[in-house]
Amino acid sequence: MHDASSTGHAVLVIGEAGGLTAALMRRLDQNDIPAEAAAGLSDSELAEILRRRRWDAVAVVTRDDVLALRLTLLSAHLRPDLPLWVTMFDRTITRELQHVVPTVHVLSPAELVAEDLAEHCVAAAAGSSAARRRHGIRLVDDALRLLVRAGAGLLLALILEGAISMIALHEGVVDALYFSTRSVATVAGAPGAASSAAWFKALSALDTLAALLLVAVFTAALVRRLSRPRLTTLLGARAAPARHHVLLVGFGQVGFRLAQDLRRRGVAVLGVEQDPDAPCVRLARAAGIPVAIGRGDDRETLERLGIRHCAVVAAVTSADLVNVAVGLAASDLAPGTPLVLRLGDGEVAAETDSLLHLGRICDAHKIASETLVRGLGAPNVG
């Protein structure tokens with residue numbers, strides 16, 4: 001690594017230690033661009049560093065948009081003469097920041113990586129019917145699945161009660177439906193039921209008891225469904241596809257942007273996220289993207305989400321080893337299903353590609369760092 005203090009001119013990289021910051025520092029060094037990283041410093045310490053040296057540019061690299069905004073405003077205030085590159089996810093904050101600091105260059109690593117991943121997904125699904133056929137509906141929410149099953153059971157109980165009423169009591173269709181509904185709801189029995197055949201009384205009693213149980217289950221499922229965020233629906237954009245979809249494990253910044261990109265390309269998507277309170281899970285509801293809550297490396301979860309019928313599995317969490325674990329589980333459950341993995345550590349990506357051969361690998365940090373380096377003064381990088 002070049003020593004910035006010896007040259008007097010360098011790039012100051014501000015943000016979080018490790019991750020993209022480390023990848024950017026390595027890429028700057030490979031391109032003979034002196035750089036110095038400043039992570040975890042207070043405002044006064046950063047102000048001192050910004051003032052005491054003649055920097056060529058400043059790069060603010062962090063996954064926290066609020067922190068990125070604060071560091072950008074501090075840098076622009078103290079050194080308005082310096083080119084400023086910032087990584088940011090939120091488009092609203094980006095627009096406001098560019099109004100305040102017109103000279104800032106905002107880069108979204110999530111969008112860059114998502115675009116590359118989308119190309120991998122489309123290429124991996126080439127030849128499948130992912131974007132050309134109806135995808136069906138899959139019930140991935142436990143409460144919704146229980147609600148539908150209990151509702152179907154109640155409908156079956158109603159049909160059975162109506163059928164035996166027509167046979168035993170010789171009622172018309174309308175009367176049978178009317179009195180059967182009252183009977184299933186335990187309001188009142190059909191006229192003449194007391195003097196009907198014994199088999200009718202026995203079947204009607206069993207049917208009514210079953211309906212009572214189903215009503216209790218239906219009510220409990222409905223309360224559960226209404227008391228928590230509804231991330232999938234039976235109909236509409238947020239209906240989970242049953243087949244020919246991209247099963248997208250990890251719904252952070254990259255996962256959300258990837259889902260948006262694939263939907264624009266006409267490819268059905270089903271997201272999987274372990275944390276129900278993740279910010280992008282809330283964004284998915286407004287964007288009309290179905291998301292299931294669960295562990296993406298869990299075999300039972302993958303089976304429930306239709307791994308054997310999907311077009312592609314894309315593991316895009318922020319943890320490299322989790323993505324590898326998802327790839328291993330997916331390749332065991334559905335050996336012929338194409339895999340796309342997001343990896344951020346260059347060594348992990350190389351090892352996974354050479355030893356495990358799981359599928360298409362996207363080195364997220366490499367993509368973002370190369371773009372940043374090009375902007376910071378190395379146009380021939382990559």
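**Two open sheets and their surroundings in a predicted model**

The protein chain contains 15 helices and 11 strands. The structure described here is a predicted model. Of the 382 residues in the protein chain, 49% count as buried. The accessible surface of the protein chain amounts to about 18400 Å², and carbon and sulfur atoms account for 57% of this area. Contacts between residues at least 6 apart in sequence were also examined; 67% of those in the protein chain join residues at least 24 apart.

One open sheet is formed by 5 strands with parallel pairing, in the order E2-E1-E3-E4-E5. Its edges are strand E2 (35-39) and strand E5 (104-107), each of which pairs on one side only. From one strand to the next, the twist averages 20°. Within this sheet, strand E1 (residues 11-15) and strand E3 (residues 57-61) are joined in the parallel sense over 5 bridges. Alanine 57 in E3 serves as the bridge partner of valine 11. Helix H4 (residues 65-78) lies across E1, E3, strand E4 (84-87) and E5. With respect to E4, helix H4 runs at about 175°.

A further open sheet comprises 6 strands in the order E8-E7-E6-E9-E10-E11, with parallel pairing. Strand E8 (291-293) and strand E11 (360-363) are the edge strands, and each pairs on one side only. On average, neighbouring strands of this sheet are turned by 20° against each other, direction ignored. Helix H6 (residues 109-124) lies across strand E6 (246-249), E9, E10 and E11. The direction of helix H6 is at about 175° to that of E11.

Strand E10 (residues 339-343) was considered in more detail. Strand E10 is largely enclosed by the rest of the structure, because 5 of its 5 residues are buried. Leu339, Leu341 and Leu343 point one way from E10, whereas Val340 and Arg342 point the other way. Residues on both sides of E10 are thus listed as buried, Arg342 as well as the leucines and Val340. Strand E9 (residues 312-315) pairs with E10 in the parallel sense over 3 bridges, and in this pairing alanine 315 stands opposite leucine 341. E10 also pairs with E11, in the parallel sense and over 4 bridges. Here valine 340 stands opposite arginine 360 in E11.

Contacts between residues distant in sequence are illustrated by alanine 23. This residue is found in helix H2 (residues 19-30). Alanine 23 counts as buried because its relative accessibility is 7%, under the cut-off of 20%. Leaving aside residues up to four places away in sequence, alanine 23 touches His365 and Ser369. The C-alpha atoms of alanine 23 and alanine 364 are separated by 9.9 Å, although these two residues are 341 residues apart along the chain.

Two loop residues were examined for their backbone geometry. Most residues other than glycine have a negative phi. Aspartate 32, which is not a glycine, has a positive phi of about 60°. Aspartate 32 is found in the loop between H2 and E2. With a relative accessible area of 57%, aspartate 32 lies over the 50% cut-off and is therefore exposed. Histidine 244 likewise has a positive phi, near 60°. Histidine 244 is found in the loop between helix H9 (198-226) and E6. In contrast to the exposed aspartate 32, histidine 244 counts as buried, at 17% relative accessibility.

On the surface, a nonpolar patch is formed by Ile137, Val148, Leu234 and Leu235. Together, these residues have about 350 Å² of accessible area. Valine 148, one of the patch residues, is found in helix H7 (residues 142-169). Valine 148 is partly exposed because its relative accessible area of 30% falls between the cut-offs of 20% and 50%.

Methods
Residues are numbered from 1 along each chain as its sequence is written. This is a predicted model: local features need pLDDT of at least 70, side-chain atom pairs count only at pLDDT 80 or more; totals for chains, interfaces and linings use all residues. Side-chain values use heavy atoms; hydrogens and water are left out. Patches are made of residues with over 30% relative accessible area and no salt bridge: like charges are joined within 9 Å, nonpolar side chains (Val, Leu, Ile, Met, Phe, Trp, Tyr) within 5 Å. Accessible areas come from the Shrake-Rupley method with a 1.4 Å probe; for residues, only the protein chains shown count as cover. A salt bridge is a side-chain nitrogen of Lys or Arg within 4 Å of a carboxyl oxygen of Asp or Glu. Helices (H or I, at least four residues) and strands (E, at least two) are DSSP runs, numbered from the N terminus. Buried means under 20% relative accessible area, exposed over 50%, partly exposed in between (1.4 Å probe, protein chains only). Two strands pair if DSSP finds at least two bridges between them. Axes are lines fitted to C-alpha atoms, for helices over the stretch in contact, and angles run from 0 to 180 degrees between N-to-C directions. Contact means heavy atoms within 4.5 Å.
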